[in-house]
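Trainee: I would like to learn how the words used for a protein structure are justified. Could we go through one case slowly?

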Amino acid sequence: MALGTDYAQQDCTLARALEVVGERWSLLIVRDAFYGVRRFNDFLVHLDIPRAVLTARLAALTEAGVLRKEAYQQSPPRYDYVLTDAGLALWPPLHALMRWGGRYASQDEPTRTFHHTGCGARLDMTGGCPACGVAQVAPADVEMRWLPDADRPGRADQVAAALATTSPLLRPVRAAAGSGAFAGGDDPGNS
């Protein structure tokens with residue numbers, strides 16, 4: 001029996017938030033959107049997510065107002081998925097979860113760290129800049145630094161290769177010479 005997707009008996013804002021971003025894959029899609037992934041097949045390839053699940057999650061995140069679709073091609077219709085203001089507001093909890101995971105749920109050092117572009121300091125656990133005293137650094141002012149680890153095998157997909165650099169959050173990733181089109185087709189257009 002499949003689990004439900006709502007918490008109807010819970011009168012709690014956390015339960016409402018989980019209804020939007022609590023399904024498996026949803027936060028990884030949002031994470032990748034912060035990394036600059038925007039195109040259907042780029043999410044598909046980088047996450048190793050089943051096509052039908054990705055279609056459903058993108059539709060749900062779009063319907064919930066976390067992502068919006070922006071056409072980049074008319075025939076056939078293809079879309080970028082871009083974070084909305086509501087999606088951008090997920091940066092503090094997402095960053096905190098990544099830091100928590102690095103501290104309590106992983107044996108390895110992180111492969112990515114996040115820094116204030118204004119001064120280069122690494123963000124603290126709450127997403128603030130300890131050097132500048134900024135309580136919460138906006139995602140547009142955050143730089144992601146990739147830390148290669150020779151002892152740990154990394155992903156070999158084209159999106160991972162594009163993300164294996166120091167880059168600002170939200171800068172669009174254009175894998176495969178900017179097309180975003182990988183084997184197996186592209187955005188089904190109705191997701």
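Mentor: Let us begin with a cut-off: two residues are in contact when heavy atoms of theirs lie within 4.5 Å. Please keep in mind that this is a predicted model. In that sense of contact, the buried residues of helix 3 pack against helix 2 (26-35), helix 4 (51-63), strand 2 (78-83) and helix 7 (158-163).

Trainee: What makes helix 3 largely enclosed by the rest of the structure?

Mentor: A residue is called buried when its relative accessible area is under 20%. Seven of the eight residues of helix 3, which covers residues 40-47, are buried, and therefore the helix is largely enclosed by the rest of the structure. The buried ones are F40, N41, D42, F43, L44, H46 and L47. After the helix comes D48, whose phi is positive, near 55°.

Trainee: Why is P110 called partly exposed?

Mentor: The class between buried and exposed runs from the 20% limit to the 50% limit, and P110 is called partly exposed because its relative accessible area is 28%. P110 belongs to the loop that links helix 6 (91-104) with strand 3. Although P110 and L147 are 37 residues apart in sequence, their C-alpha atoms are 7.4 Å apart in space.

Trainee: How do you know that strand 3 is largely enclosed by the rest of the structure?

Mentor: Five of the five residues of strand 3 are buried, so the conclusion that strand 3 is largely enclosed follows from that count. Both of its faces are covered, since R112, F114 and H116 on one side and T113 and H115 on the other are all buried.

Trainee: What makes strand 3 and strand 4 a pair?

Mentor: At least two bridges between two strands are needed for a pair, and five bridges join strand 3 (residues 112-116) to strand 4 (residues 142-146), with the two strands running antiparallel. One of the matches is that of H115 with its bridge partner E143 in strand 4. Strand 4 is also joined to strand 5 (residues 167-168), by two bridges and again antiparallel, and here M144 has S167 as its bridge partner, while E143 stands opposite P168.

Trainee: Why are strand 3 and strand 5 called edge strands?

Mentor: The three strands form an open sheet in the order 3-4-5, with antiparallel pairing. Strand 3 and strand 5 each pair on one side only, and that is what an edge strand is here.

Trainee: What makes helix 2 and helix 6 roughly perpendicular to each other?

Mentor: Angles from 65 to 115 degrees count as roughly perpendicular. The axes of helix 2 and helix 6 come within 11 Å and cross at roughly 105°, and therefore the two helices are roughly perpendicular to each other. Their contact is made by L27, V30, R31, F34 and Y35 of helix 2 together with W91, L94, L97 and M98 of helix 6.

Trainee: At what angle do helix 2 and helix 4 cross?

Mentor: Their axes cross at roughly 75° and come within 10 Å, so helix 2 is roughly perpendicular to helix 4 as well. Here S26, I29 and V30 of helix 2 meet L54, R57, L58 and L61 of helix 4.

Trainee: Which residues have the most contacts inside the largest nonpolar core?

Mentor: That core has 35 residues, and those with the most contacts inside it are I29, V30, F43, L54, L58, L67 and F114. Helix 2, helix 3, helix 4, strand 2, helix 6, strand 4 and helix 7 each supply at least two residues of this core, and helix 2 gives the most, with five residues. Beyond four places in sequence, L67 touches several residues, among them I29, L58, Y81 and V82.

Trainee: Where does pLDDT stay under 50?

Mentor: It stays under 50 over residues 176-185. Where pLDDT is low, the predicted coordinates should not be read in detail. For the whole protein, the mean pLDDT is 85, and 83% of the residues reach 70 or more.

Key. Residues numbered from 1 in each chain as written. Predicted model: local features only at pLDDT ≥ 70, side-chain atom pairs only at ≥ 80, totals over all residues. Heavy atoms only, no water. Buried < 20%, exposed > 50% of the residue type's maximum accessible area, 1.4 Å probe, protein only. Helix = DSSP H or I, 4+ residues; strand = E, 2+ residues; numbered from the N terminus. pLDDT = per-residue confidence, 0-100. Core = buried A, V, L, I, M, F, W, Y, C linked by side-chain atoms within 4.5 Å. Axes fitted to C-alpha atoms, helices over the stretch in contact; angles between N-to-C directions. Parallel < 35°, antiparallel > 145°, perpendicular 65-115°, else oblique.
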